[in-house]
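Biologist: I am new to this structure. Please take one part of the backbone and surface and look at it closely with me.

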Amino acid sequence: MTKKRTVKRKVKEPEPTKEQPSVSEQSENEEDEDLLQAVKDPGEDTTDDEGIDQEYQSDSSEDLEFESDEEGNYLGRKVSKEAEEGEDDQDEDDDEDEDEGEDEDDDSDDDSEESDADDASATPKDDQPSSSKAAAAQTKEPIIQIIPRDPSKPEYEESDTSDEEDIRNTVGNIPMHWYDEYKHIGYDWDAKKIIKPPKGDQIDDFLRKIEDPNFWRTVKDPMTGQEVLLTDEDIALIKRVNSSRIPNPEHDEYAPWIEWFTSEVEKMPIKNVPDHKRSFLPSVSEKKKVSRMVHALKMGWMKTTEEVEREKQQKRGPKFYMLWETDTGREHMRRIHDPVSAPKRDLPGHAESYNPPPEYLFDEKETKEWLKLKDEPHKRKLHFMPQKYKSLRAVPAYSRYLRERFLRCLDLYLCPRAKRVKLNIDAEYLIPKLPSPRDLQPFPTVESLVYRGHTDLVRSVSVEPKGEYLVSGSDDKTVKIWEIATGRCIRTIETNDVVRCVAWCPNAKLSIIAVATGSRLLLINPKVGDKLLIKKTDDLLAESPNLDIIESERIKTAVQWSNAEPDEQEKGVRVVITHFKPIRQVTWHGRGDYLATVMPEGANRSALIHQLSKRRSQIPFSKSKGLIQCVLFHPVKPCFFVATQHNIRIYDLVKQELIKKLLTNSKWISGMSIHPKGDNLLVSTYDKKMLWFDLDLSTKPYQTMRLHRNAVRSVAFHLRYPLFASGSDDQAVIVSHGMVYNDLLQNPLIVPLKKLQTHEKRDEFGVLDVTWHPVQPWVFSTGADCTIRLYT
């Protein structure tokens, strides 16, 4: 018998629902949506159920009672005494009418339970507690009886649930795919939904696989949806099961054998039938087989065991063969094999004759020199001393005959067995043919101007779209505007923090400079150039548009728009965009209405997109894909480039999805620049490399250039000329020719042209930023030596 305990659960009344917004308000919100919406990753769930307290609601306000044993197993509803008496009467009536059939009994029981539930729901709830059972019966309020569990006994000692089920999920042993279409996977003991944990996409799984050292031992619990980290004991158990071994490592497989049966084999006759009479006569088939073997031995087709052993011993012994077949006989298969003839010895000269001319005979001086080199015979001109005899009969035996024959055998042994054709390749065929730099002019070759005025390293520089003025930002907390032709500083704007990046608006109809200083983004009117253009810009930035769009708390806490203070208004600052983290980079869209900022410390809010005309901001990413270094807009298509520490992702702003992921195979990305046509991307890295990506070709670099001896900090394409430049910490600015053809089958032409090295090194820093003149083939560079240099 299992002990029963009664648990009372109260169901809360439904709370009044809030008024939904009207259809007109929703349509106005939809019309104000912009092209640049939040870019969502593929496969991401837009719903967010975390942190929501979900409660069951019921129409009845009565307290419900359930009966369960000590392990929490459900036994049924508990009813009051009056209901029990009613049920007893009903049971007696049912006993009288047994013959009606089992189906009708089941229906009646179901109806009785439904009627009890309806009566219970119709009973009003009395908040005043009752002190006796009679009072409880009058007020129809059930009595709560909670039987406490003995803490000395385990909670699931006598439970019949399997060990594989999670005690937090009460759905039991059912297929878990029934909950695939729901946001929850079951219910806990408090009858609350167990919400599924958020799922990531394949990119998140791949990053976790690389960065998480415990990814290989992490499994997913289907009952709760949580990820469980396997211990070393679990892995050891799985390995033993996979290798078909006993799961318990303490079990001894080689225990002493118990001989249940005897190992002695007793020889017993299988049958006791006497042999047949024909078994004593010779077999005709065996006679024919023996005759065939004898015939094979006579003909030599078959060999005896002795002959086979004799042949094996002959094969094991030493083998002798002619090293050069051409020495003794005619070579076979001459047409197939290319013969290599043995090297021949040189013919004897006059000094080796038995009767040499007198001039070849040694005199006393030559004889002394020849005898003097007895210990070093290799230095002698001749290995013998010429002698003269009257006749051939008087010539004695040659004492060095055996040595010469031995050397001859060595020559034959060491001679190569095949001919090797030497490849004659000129170096010109290995080096690609590149055009001469003279044919690729114009490009900057000399330093023309030096802009001096900053007192600390200059981090960023930008040029006006018309090419008349230049703006620079420095660590001395100032922004300076220069006249390019004369090198004169027109205006200096002081800020409250270090200027990380400056960017001039590419729209020629506006005069705006975006300055990233600390955690503030300043929109400054430089007040240079056309006065009508300056006035038009001030009128545009004077009043903020009235928008009915309600921004979310996530955006409000990240960025705030405000007008500049009066003292900053005098300096030219018109709008201040305050961020919650320091800004590292700012970049403009080609049309000049949108600009993006990067905050590496902002986690999933590192990149923000701002719209100038409506004065609102957007957070395109809901999850952090890594430490974002820089961002970039596509010059033609609605695409957004995001460079993390190792890779580059390209997003489509219209479809709101990931298009492509570029693999750089580098340790740290420092910057990037896109070709004006939009089909090629140039990336700079801190590990001394520049990567050229052909976006239509592959996700891997088309060309890897190692032109610098130190970290490359900036790269830039020219808007009109086929030129690009790179700046590095080795104080060099390298100008290269990069021609992109309209023919897709023709590869880009990349030729390094000029190395410009005039900057000075300060604290291991060299060139920090490079940019091109919008019209002329001129390049500007900023460095740690507090100067800006112009190369023409």
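What follows is a short walk through some backbone and surface details.

Biologist: Which residues have a positive phi of about 60° although they are not glycines, and where does each lie?

Modeller: First, a caution: this is a predicted model. Start with Ser244. Its phi is positive, about 60°, although Ser244 is not a glycine. Most residues other than glycine have a negative phi. Ser244 sits in the loop between helix H6 (232–242) and H7. Its relative accessible area is 68%. That is over the 50% cut-off, so Ser244 counts as exposed.

Lys527 also has a positive phi of about 60° and is not a glycine. Look for Lys527 in the loop between strand S15 (520–524) and helix H12 (531–542). Lys527 has a relative accessible area of 34%. This value falls between 20% and 50%, so Lys527 is partly exposed.

Another backbone detail is a peptide bond. Gln441 and Pro442 are joined in cis, with omega about 10°. Most peptide bonds are trans. Pro442 belongs to the loop between helix H11 (427–430) and strand S8 (447–452).

Now return to helix H7, which spans residues 284–299 and holds Leu297. Leu297 is partly exposed, at 38% relative accessible area. Leu297 helps make a nonpolar surface patch of about 530 Å². Its partners there are Met293, Met299, Trp301 and Met302.

Last comes Lys193, in strand S5 (residues 193–195). Lys193 is partly exposed, at 36%. Lys183 is ten residues away along the chain, and the two C-alpha atoms are separated by 9.0 Å.

Key
Residues numbered from 1 in each chain as written. Predicted model: local features only at pLDDT ≥ 70, side-chain atom pairs only at ≥ 80, totals over all residues. Heavy atoms only, no water. Helix = DSSP H or I, 4+ residues; strand = E, 2+ residues; numbered from the N terminus. Buried < 20%, exposed > 50% of the residue type's maximum accessible area, 1.4 Å probe, protein only. Patch = residues over 30% accessible without salt bridge, like charges linked within 9 Å, V, L, I, M, F, W, Y side chains within 5 Å. Areas by Shrake-Rupley, 256 points an atom, 1.4 Å probe, with all protein chains shown as cover. Salt bridge = Lys/Arg side-chain N within 4 Å of Asp/Glu carboxyl O.
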